[in-house]
Amino acid sequence: MSTPATPAVKSAAKPAAPKKEVLKEDAMWLQKEMINANYNDLATARERNRKVSATFVPGNLNELLMCFDLARSLPETNALQNGMRKKSGKMIMDAERDGHSEDVCTYVKADLGMMLQGQVGPTGQPLPTPDVLLLSYTGCFTFMKWFELVRQKYNCETVMLHVPYQPEGRITPEMRDYVVKQLREDIIPALEKLSGRAYDEEKLAHHLRLSAQAEDDLVWVLQSAKHRPSPIDAYFGAVYYVGPIFSAFRGTEGAVGYYKALRAEIEERIREGKGPVTPDGDMKEERFRVVVEGPPNWTSFRQFWKMFADEGAVAVASTYTKVGGVYDTGFRHDPSRPLESLAEYCLGCYTNLGLPSRIDMLANYVKEYQADGFLINSVKSCNSFSAGQLHILREVEARSGKPGGFIESDLVDPRYFSAANIKNRLESYFQMLEQKRLGGAA
């Protein structure tokens, strides 16, 4: 069985690269190496006679795909990686010139624009066309339209796993059984036919066991933000931390090693009383603790992060770091119940939760992490996150007694990041928090 060539953990030391502007922890450098390794795995898949799957982050069936030795591409990851590398702007405009509306999700347009430019991936290597599109529908209707467009372009097989929405904030046995039935009768037979390999439940259980180990350490790292000062930033820093488990590495030895190394690094920061790493080095003073709702902006990621760090503001919890799996409420992939466990994972993803469940999560985070307030980054083109956010703002304020803030940007479209506007709003918000604190009202 082939898996991406994960770099050894000991290779995580920061390379001597004076041109690098952003200071990072060793685990951040290792995460980048792992992501690049998967792009190399994809770029060389054809010469190794491997089939290629494309799937989305929320509800991804990475462990199952590995059972059939499929190389794994994630369109959202491709889009955000292109955004961080300042490549997505032209891709989006190319897609719009090809007929796609300005209001369409910019992840979609960045992906379609990448195809129009010859399918060259974020690392400069050409990505193979997928042999199968595996859609786990977890609350984002755009995913379905996205894969319809990709299927029209490549005429490849498409398999859909329909995941019921959680209208009452809980997973029922009927919902789980419905997903398991599809896995047994639709998904697995399709993957067997495509790959020429028989389904091996023992192999799946092995991968799920590794997933649970990595998930334990990830949850520990995210919950370390309850310390004062927080040793991590659970929004900007944590997007690096969740990279391997949200992408092609969940269920691998590489992911287990990564999260062990990350946990050891954070344990050391706690022992030394350090705050989180920022783009300019260790934060000297933690002035504000905030909870953040919504995805970050990728095209101006460093600048966005610095606006918080310069104010001494630390994100102690975020909902974006749950988009690929909500683990801090107790869920773990379970090797003793392989298909049932995959079903429960898909059903429990953040994008599959209704507004009452999202409000509960945010209000609990504000309390548990002793936050001074919470901020919403409303993303113009992402309805899965942005719909209902003003209602969320009002409800979380009422429940927590803490003030909320509201800023607006986009995922990977540089045209919708107004640095001056966002900076002004953030400065005003943090000034308000400071005034409340001085007045004894915080």
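In the predicted model, leucine 64 makes contacts well beyond its own stretch of sequence. Neighbours within four places left aside, leucine 64 is in contact with Leu183, Ile187, Ile188, Leu191, Tyr199, Leu204 and Leu342. Leu64 also belongs to the largest nonpolar core, which has 130 residues. Within that core, the residues with the most contacts are Leu64, Tyr107, Tyr241 and Phe430. Helix α7, spanning residues 173–195, gives the most to this core, contributing nine residues. Another core lies apart from it. That second core has nine residues, including Leu42, Ala45, Met91 and Met114. In soluble globular proteins, nonpolar side chains tend to be buried together.

Leucine 61 sits in the loop between β1 (52–55) and α2 (62–67). Despite this loop position, leucine 61 has a relative accessible area of 0% and is therefore buried, the limit being under 20%. Its contacts, again without neighbours within four places in sequence, are Leu134, Ser136, Leu161, Leu183, Ile187, Leu342 and Cys346. Leu183, Ile187 and Leu342 are likewise among the contacts of leucine 64. Leucine 61 and leucine 342 are 281 residues apart in sequence. In space, their C-alpha atoms are 7.1 Å apart.

A polar residue is also buried. Asparagine 82 lies in helix α3. Its relative accessible area is 0%, so asparagine 82 counts as buried. With neighbours within four places excluded, asparagine 82 is in contact with Lys87, Ser88, Met91, Met114, Gly121 and Pro122. Of these contacts, Met91 and Met114 are among the residues of the nine-residue core.

Helix packing was examined for α12 and α17. Two packed helices are described by the angle between their axes and the distance between the axes. Helix α12 covers residues 301–309, and helix α17 covers residues 419–438. The two pack at an angle of about 20°, and their axes are 10 Å apart. Angles under 35 degrees count as roughly parallel, so α12 and α17 are roughly parallel to each other. The crossing of α12 past α17 is right-handed. On the α12 side, the contact involves Gln303, Phe304, Met307 and Phe308. These meet Ala419, Ile422, Lys423, Leu426 and Phe430 in α17. By class, the contact has seven nonpolar residues, one polar and one charged. Phe430 links this contact with the core, as one of the residues with the most contacts inside the largest nonpolar core.

Several loops show notable backbone geometry. Arginine 228 and proline 229 are joined by a cis peptide bond, with omega of about -5°. Proline 229 is located in the loop between α8 (201–223) and α9 (238–241).

Positive phi values occur at two residues described here. Lysine 86 is not a glycine, yet has a positive phi of about 65°. Lysine 86 is found in the loop between α3 (75–84) and α4 (88–97). Its relative accessibility is 61%, so lysine 86 counts as exposed, the limit being over 50%. Asparagine 155, also a residue other than glycine, has a positive phi near 55°. The loop between α6 (141–154) and β4 (157–162) holds asparagine 155. At 69% relative accessibility, asparagine 155 is likewise exposed. Asparagine 82, by contrast, is buried.

Conventions: Residues are numbered from 1 along each chain as its sequence is written. This is a predicted model: local features need pLDDT of at least 70, side-chain atom pairs count only at pLDDT 80 or more; totals for chains, interfaces and linings use all residues. Side-chain values use heavy atoms; hydrogens and water are left out. Axes are lines fitted to C-alpha atoms, for helices over the stretch in contact, and angles run from 0 to 180 degrees between N-to-C directions. Helices (H or I, at least four residues) and strands (E, at least two) are DSSP runs, numbered from the N terminus. Angles under 35 degrees count as roughly parallel, over 145 as roughly antiparallel, 65 to 115 as roughly perpendicular and the rest as oblique. A crossing is left-handed if the near helix is turned anticlockwise from the far one by less than a right angle, and right-handed if clockwise. Contact means heavy atoms within 4.5 Å. Ala, Val, Leu, Ile, Met, Phe, Trp, Tyr, Cys and Pro count as nonpolar, Asp, Glu, Lys and Arg as charged, and the others, Gly among them, as polar. A nonpolar core is a set of buried Ala, Val, Leu, Ile, Met, Phe, Trp, Tyr and Cys residues joined through side-chain atoms within 4.5 Å. Buried means under 20% relative accessible area, exposed over 50%, partly exposed in between (1.4 Å probe, protein chains only).
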